[in-house]
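Reader: Could we go through this model together? I would like to begin with how the terms are meant.

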Amino acid sequence: MAGTATFTVSSSLSLPSSSSSSAMSSLSLSLKPSHLSMRIFPKTPSRPIFPRIYALSSNDIKVGTNIEVDGAPWRVLEFLHVKPGKGAAFVRTKMRNYITGNTVEKTFRAGSAIEDADVFKETKQFTYKDGAQFVFMDLNTFEEFRLNESDVGDKTKWLKEGMDCNLLFWKGKVIDFELPITVKLTVVDADPGLKGDTAQGGTKPVTLDTGAVVNVPLFINIGEEILIDTRTGQYMSRA
């Protein structure tokens with residue numbers, strides 16, 4: 001409810017002056033008290049701030065889509081749009097939980113609204129391993145981010161110090177990371193190549209500087225750098 005406040009203003013001013021007859025007089029200015037009224041309104045309550053919700057249709061689902069189900073972030077690994085002869089169309093998916101690593105199959109009704117998980121990625125550099133933790137650093141702010149060995153999983157066989165990776169964040173927490181698609185690693189152990197071996201020949205297992213074992217052409221020797229596709233774990237070529 002609005003209210004009224006009253007203020008009183010009063011002032012008196014006296015100035016000396018002189019005339020040709022040397023008589024002194026004074027000029028007095030007086031302001032009578034006056035009343036000023038001002039309406040005071042109650043404070044308007046601030047508008048509540050709600051978290052932003054990202055929504056999409058199940059028809060938009062594709063491999064790599066991040067969605068939020070039951071309060072957890074999931075990544076779609078496989079999907080199939082099904083239109084049966086009878087009944088409503090639906091989308092069958094295979095999803096992986098970013099937090100637990102569990103993989104499940106889930107079906108969505110075609111055209112139904114689902115919540116998009118606000119997952120974003122930032123590039124950080126893997127700097128070193130501290131016990132059972134892998135430490136990544138923001139090279140601009142020098143802030144460190146840590147992932148447990150269980151979170152890294154078998155990606156560790158391609159991970160090398162000084163490598164730039166994408167960390168995935170959800171609600172301010174690191175939930176996963178992505179390796180570069182192609183990495184350059186060094187062969188540290190291998191059977192010697194045979195004279196006359198060519199790229200069209202057989203393969204042999206070699207050990208890389210990260211500890212990973214891969215099959216490479218027979219002509220690859222110790223000390224050589226090779227390129228590996230981290231998605232398949234297969235040899236691509238010499239670096």
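Author: Certainly. Two strands pair if DSSP finds at least two bridges between them. Strands (E, at least two residues) and helices (H or I, at least four residues) are DSSP runs, numbered from the N terminus.

Reader: What kind of model is this, and what do the values rest on?

Author: This is a predicted model, in which local features need pLDDT of at least 70 and side-chain atom pairs count only at pLDDT 80 or more, while totals for chains, interfaces and linings use all residues. Residues are numbered from 1 along each chain as its sequence is written, and side-chain values use heavy atoms, with hydrogens and water left out.

Reader: What is the mean pLDDT of the chain?

Author: The mean is 81, and 74% of the residues reach 70 or more. The term pLDDT denotes the predictor's confidence in each residue, from 0 to 100.

Reader: Where does pLDDT stay under 50?

Author: Over residues 4–52, for which the model has 46 contacts beyond four places in sequence; contact means heavy atoms within 4.5 Å. Among the elements of the chain, strand β2 (residues 24–40) has the lowest mean pLDDT, 45, and strand β17 (residues 225–229) has the highest, 97.

Reader: Now the sheets. In what order do the strands run in the one with β9?

Author: The order is β11-β10-β9-β12-β13, an open sheet of 5 strands with antiparallel pairing. Its edge strands, β11 (144–148) and β13 (173–178), each pair on one side only. The twist averages 45° from one strand to the next; for such angles, axes are lines fitted to C-alpha atoms (for helices over the stretch in contact), and values run from 0 to 180 degrees between N-to-C directions.

Reader: How many bridges link β10 and β11?

Author: Strand β10 (residues 133–137) is paired with β11 over 5 bridges, in the antiparallel sense. Val135 has Arg146 in β11 as its bridge partner.

Reader: Back to β9: is Lys124 buried or exposed?

Author: Lys124, which lies in strand β9 (residues 119–130), is buried, with a relative accessible area of 3%. Buried means under 20% relative accessible area, exposed over 50%, and partly exposed in between (1.4 Å probe, protein chains only).

Reader: Which side chains make polar contacts with that of Lys124?

Author: The side chain of Glu122 does so at 2.8 Å, and that of Asp138 at 2.6 Å. A polar contact is a pair of N or O atoms within 3.5 Å; within protein, one must be able to donate a hydrogen and the other to accept it, and residues adjacent in sequence count only if both atoms are side-chain atoms. Not counting residues up to four places away in sequence, Lys124 touches several others, including Phe136, Phe145 and Met163.

Reader: And the other sheet, what is the order around β14?

Author: That open sheet has 5 strands in the order β16-β15-β14-β17-β18, with antiparallel pairing. Its edge strands are β16 and β18 (234–238), each pairing on one side only. Between β14 and β17 there are 5 bridges, and Leu185 stands opposite Ile226 in β17. Another 3 bridges join β14 to β15, where Asp189 has Thr207 as its bridge partner.

Reader: Which residues touch the most other members of the largest nonpolar core?

Author: Phe136, Leu159, Phe177 and Leu208, out of 27 residues in that core. β14 (182–190) is one of the strands that supply at least two residues, and β14 gives the most, with 4. A nonpolar core is a set of buried Ala, Val, Leu, Ile, Met, Phe, Trp, Tyr and Cys residues joined through side-chain atoms within 4.5 Å.
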